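The following note is offered to a colleague who has the coordinates at hand. Its points are numbered for ease of reply.

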Amino acid sequence: MLSCRPRFHCRPIIFYQGEKLIMNFGRAPLLGNEAHPRPKHLPSVTRRQLEALDAIEAIARATQLEIQTQAGDIHFINNLSILHRREGFVNGQLPTEKRHLVRMRLRSAEHGWP
């Protein structure tokens, strides 16, 4: 029986694709968490790599911009061009106090990045 492990790509967190600067950063995919444990077959994260993750997170926190969201607001974010995060959210009792979060993948052959 064949073992089908998820593939992983070794690449920098910050890199250039053509002329575009791309950042793809998230601690959970790299380190795992309670909801998504880190697969055991992945190479170990080094102390230098952890320090680099801490530095990126510290810079992001020091330069963050908070967007005040109101009911009915929609945000479109290019995951590869803008480093972003969400705070925890607790639904209220009323229908107007519930968050509706949708992930959408849009691709334009004309305007999309390769």
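1. Arg47 is a convenient place to begin: this residue is exposed, with a relative accessible area of 62%. The structure is a predicted model, and its values should be read in that light.

2. The side chain of Arg47 meets that of Glu51 in a salt bridge, with an N to O distance of 2.3 Å. The two residues are 4 apart in helix H2, and therefore about one helical turn separates them. Glu51 has a relative accessibility of 40%, which means that this residue counts as partly exposed, since the partly exposed class lies between 20% and 50%.

3. In total, the structure holds 4 salt bridges. Side chains of opposite charge can pair when their charged atoms come close.

4. A further salt bridge joins the side chains of Arg27 and Asp54, again given as N to O, at 2.3 Å. Arg27 belongs to helix H1 and Asp54 to helix H2, so this pair ties together parts that are 27 residues apart in sequence. Both partners are partly exposed: Arg27 has a relative accessible area of 26%, and Asp54 has one of 43%.

5. Arg61 and Glu57 also form a salt bridge, their closest N and O atoms being 3.2 Å apart. Both residues lie in helix H2, 4 residues apart, or about one turn of the helix. Arg61 is partly exposed at 47% relative accessible area, and Glu57 is likewise partly exposed at 23%. Salt bridges with shared partners join Arg27, Asp54, Glu57 and Arg61 into one network.

6. Which residues does Leu30 touch, leaving aside those up to four places away in sequence? They are Ile13, Arg38, Val45 and Leu53. Leu30 is placed in helix H1, which covers residues 27-31, and is partly exposed, with a relative accessible area of 33%. Its C-alpha atom is 8.2 Å from that of Val45, although the two residues are 15 apart along the chain.

7. A nonpolar surface patch of about 620 Å² is also present, made by Ile74, Phe76, Val102, Met104 and Leu106. Of these residues, Ile74 lies in the segment after helix H2, the helix spanning 47-62. Ile74 counts as exposed because its relative accessibility is 64%, and the cut-off for exposed is over 50%.

8. As to confidence, the mean pLDDT of the chain is 80, and 91% of its residues reach 70 or more. Among the elements of the chain, H2 has the highest mean pLDDT, at 91, and H1 the lowest, at 81.

How values were computed: Residues are numbered from 1 along each chain as its sequence is written. Side-chain values use heavy atoms; hydrogens and water are left out. Patches are made of residues with over 30% relative accessible area and no salt bridge: like charges are joined within 9 Å, nonpolar side chains (Val, Leu, Ile, Met, Phe, Trp, Tyr) within 5 Å. Accessible areas come from the Shrake-Rupley method with a 1.4 Å probe; for residues, only the protein chains shown count as cover. Buried means under 20% relative accessible area, exposed over 50%, partly exposed in between (1.4 Å probe, protein chains only). Contact means heavy atoms within 4.5 Å. pLDDT is the predictor's confidence in each residue, from 0 to 100.
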